[in-house]
Structure formats: structure tokens, C-alpha cells
Amino acid sequence: MEDTDTSGDGAARQCAELADRLSAARITATSPRNVARAVYDGHGRAVSLELRHGAKDQHGPETMGEMITSALQAADRAVDALRQHAYDDVRVAGDTIGNWRRHPDDPGSAVAAAFGAPGPRS
Amino acid sequence: MTGDMSELLATLPADLRAAAADLYVKVVAIAWEAEETLGIAFQVLREARGEPELLDTGSELLERAVAAELTAARDEIGSAGNRFSGSWVGGGAESFDSYLPKLMAAIESMEESAGKTAEAVRLFRQALTDLWQRIVERTWHTGGEVTAAVAQAGRNLAVAVPLVLGIVDRYAAYVSGIAAALLELAGNEYKAGEKLAETGALPGVADLHDPRLPVPADQAADPSWSDADREDNWRPGGELRMDTAAMATMIAAFQENGTYWDNADRHQTEAAEAHLTPRAFGLGLDFYTDVQRVMTRDRSLYRDADARMDSVAGALSEIGGLYGMIDEDTTHSFNKQMDDQ
């Protein structure tokens, strides 16, 4: 990937390409016992939700709800992981957007890092 | 781009200007309502950067010009002192001989103070530059975040609006946090402050007792002298002699020393008033105040030293005048005069 230390243009192109890849990506997550299956795209938009044939006859509404929720939560986690990984490739000003999101520079630590801690007092 | 924002961006340092313009263009394309927040953040940053070039020239003046004048002052006295050493035997000679190395050490510590002040300013400048680099990178990153948010929203840009507003709010909070942290940099809790604090422990010429030199009979002796003082410092002993040429060189060294102190004072004043100004330190105003306090103290020490050099030169001249008239009779009467005091 191109490093865009001095311009945002490279990052914009990378983000556009990344968005296309995420749109095309399909993330599938299932509930325990494969009762429910959720399919998302890479942006976290739901594509489909499928229930195993005959499942609603085997499980009551409460269990069905839990299974669907479980599949959706698993899909959310998978999408987050995929997007985080994807943004690890987009570099802006010497660092990746993914890394910067994981470790945002807070003002206090930025000033402390620049000005340094004092040495041992004599 | 609005006229106000164009004017504001034009006043930013070039490295930030590029990142800020990139961020601004990306933000207002999606969320024009964030313009004011961004504008305030950029104004704060403009003040935060300070003027590193002024800090450079100010610290160089202290280190090269001021310290160099003090070194020259010390060298001249030291050189004359080396020639003078041992060429004067009699009342006050021992006191003067022991005074000279203390004077050398005191001047050296004043050179050290100027050097440490310069070093502290350089450390502050380096820290400010490092911080600035982080801020510029953060600004580029924020532009990248906006780009990513827009890409994420796809065709439905309305989805990106709250994301972009959130990104701008976080950026503005970061900037105001930086400003607050800079304003709160206090005392010696960081490298530059710690280095500056070291200057406070350095003795100056003002901390020295003046040499106890013989005083002609028509001048009053220091009333604080005890009998023991006279015994220790004023008994000329059995021998009385002086190399008057070496004494003349010594006197001239003290008389002419004022030029160096005047120059040190002038260079230091220039550094304080033209270079190490509040604007140069950006939002590090506490550090600016501390630097000015040290420099004001040092300037006062230079002026005091100048006066002391004149005073010592005057006293030595008086003694030299006495020795210039010495013959065996006057040697006897001079020694007796010293003993009687």
C-alpha cells in the first residue's frame, strides 16, 4: 500500500478501493446448532438472515430469538474484525488508520511524550 | 472554502496548513456545520506552535555571545592573575590570591547559567517541535478518518454526517487538550524546566566576599573585620614586595573587564527582548516566565559583577600606588600601618 505521509489523496483512493472491497465482502455467522445464519457485507450492512428449515417447529419463540441474536452478534464481531484489519492497510501520515483508531493519541500523553519526564531528582 | 477560513489557513505554518486544508475540504463537503469548530481548533494551534526560529536565535545568543563574553572576562582576569601570582608579597596578598580562584569559579558558574538557560530553551524548542509534528500527523490522520467515514457511508452520504461531526469533535477536543496541557506545564516537571531549575543553584560573583585588601591609612577599614580577620589576612609578614608591572596588568584586567560584562548584559537583553518573547514560546507561558526570571537575575548579576570589578580595580590601584612609593622606610611604616589596623 502506498504511504500518504504528505497528501490525503493516496488515502482517499485507498479508502475508495477499500470501500468497494468491503461492499463486495460477505461475512457469514451462525448461531449454535446452525439454527440461524446471518450474512453481512464488509460495511456491516445485513444482506440476509436465514433460519434452518424446520427450526421454528423444534424451538420455541424465546429460543429462536436467542439464536437469531447470537448469529447477529457473531456477525457484528466478525465485521468489526474485518474492518479493523482492512484499515490496517490504509496509511496516513506514517501510520495506519487502524492503528490510530486502536491507539488514539490523547493530549496529555502527547505533551508528556514530547516534553519528556524529568530525570531523578538530586 | 469561505473567505474567513482561507484567511485563517493562510496564517498557519506551512506544514499544518496543508493538513488543515485537506481536513477542512473533506469535512465541509459532508458536514458544513463543523466549519466553526475546525476554525477554532486551527486558531488555537496557530498560537500553540510558538516561534521555534526565535527560540533558536535566542538560545544561540545566550550560548555563543553571552557565555563567550563571560569566558573572555574570566580569561582576561585569569591570564593577568597567572602573571601576578607570587609577584606580590605583603598585606592583602594572601587574601587576594585566595580570592582570584573563587572569582574564576564564580564567573564560570555564571557562564554555566547562561549555557544551561540556552540548553533549557533548546530542550523546550525541541519538545515543542516534536509535539507539533504529532499535531500535524494527527491532522492528516483526522482527514484520513473523514475519508474512511465517507467511504464507509457509500452512496448514502447522510450516514457520514454524524460520523464526520464526531471526528471533528474529537479533533477539537484533542487540540484544546493539547493547549490546556501546554498551559499547565509547570515548574521543573519536564526536561526543559528541570534544566532551567539547575541555574538556580549556581553561585555568582555576588555570592563572593570581596577580597580583603589593605586600605590606605586615610580610608576607614571595614568595621566588620575582627582581630582574627586582620591576623589572618592583613599581617604582611616580614617581607614586602611587588612586581608593579604585573600589578598594573592585574589592575588593567579588572578595569577593562567591565566591557565584557556590558557586552554580556547587552546580548542577554537582546535575547530577552527580541527573541525569547512570549510569542516565541507559544502556549508555554509558564516556561517563558521562568526563563525571563532567570535572565533578569543573571542580568542583575552581570551589572553587579561589573561594579565589583571596578571596585577591585580601584582598591588594587590604591595599593599599587602605595607600593610604587615604597622604599625601606616606607616599607617599615606600611607594615606597621597594617599591623596597627
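Is A:N34 buried or partly exposed, and how many other C-beta atoms lie within 10 Å? Select A:N34 to find out. A:N34 is partly exposed, with 13 other C-beta atoms within 10 Å. Keep in mind throughout that the model is predicted.

**Stop 1: the loop around A:N34**

Stay on A:N34. The residue sits in the loop between β1 and β2 of chain A. Check the backbone: phi is near 55°, a positive value in a residue other than glycine.

Now pick A:R33. This residue belongs to the loop between β1 and β2 of chain A. Its phi is positive as well, about 65°, although A:R33 is not a glycine. Count around A:R33 and you get 12 other C-beta atoms within 10 Å, so A:R33 is exposed.

**Stop 2: the hairpin**

Widen the selection to residues 26-30 and 36-41 of chain A. These are strands β1 and β2, paired in the antiparallel sense over 5 bridges. Select A:T28 next. Its bridge partner in β2(A) is A:V39. The hairpin has 5 residues between the strands, and A:R33 takes its positive phi in this hairpin.

**Stop 3: chain A as a whole**

Select chain A and colour by secondary structure. You should find 5 helices and 5 strands. Along the sequence the pattern runs α-β-β-β-α-α-β-β-α-α. Chain A has 122 residues, of which 27% count as buried. How much of the contact set comes from residues 24 or more positions apart? Among contacts in chain A with a separation of 6 or more, the share is 48%.

Switch to colouring by pLDDT. The mean for chain A is 81, and 87% of its residues reach 70 or more. Go to residues 1-7 of chain A, where pLDDT is below 50. Beyond near neighbours in sequence, that stretch has 12 contacts in the model.

**Stop 4: helix α5 of chain A**

Select residues 107-115 of chain A, which form helix α5. Show side chains for A:P107, A:V111, A:A114 and A:F115; these are buried. Look down the axis. The four cover an arc of only 85°, and therefore lie on the same side of α5(A).

What covers these buried residues? The cover includes α5, α6 and α7 of chain B. Step past the end of the helix to A:G116. This residue follows α5(A), and its phi is positive, near 80°.

**Stop 5: the contact between the chains**

Show both chains together. The contact takes 28 residues from chain A and 29 residues from chain B. On the chain B side, select α5 (93-153), α6 (160-183) and α7 (191-198). Each supplies at least two residues of the side that touches chain A. Which helix gives the most? That is α5(B), with 15 residues. By type, the chain B side divides into 12 nonpolar, 8 polar and 9 charged residues.

**Stop 6: helix α6 of chain B**

Finish on α6(B). The helix has 24 residues and reaches 35 Å from its first C-alpha to its last. That is close to the 34 Å expected at 1.5 Å a residue.

Show its buried residues, among them B:V164, B:I167, B:Y171, B:Y174, B:I178 and B:L182. Then ask what the buried residues of α6(B) pack against. Their partners are α5 of chain A together with α2 (14-30), α3 (35-48) and α5 of chain B. Put α5(A) back on screen to close the loop: α6 of chain B is included in what covers the buried residues there.

How values were computed. Residues numbered from 1 in each chain as written. Chains lettered and ligands numbered in written order. pLDDT = per-residue confidence, 0-100. Contact = placed C-beta atoms within 7 Å. Nonpolar A, V, L, I, M, F, W, Y, C, P; charged D, E, K, R; others polar. Buried ≥ 20, exposed ≤ 12 C-beta atoms within 10 Å, placed from the backbone. Arc of directions from axis to C-beta. Pairing = 2+ DSSP bridges. Expected span 1.5 Å × (residues − 1).
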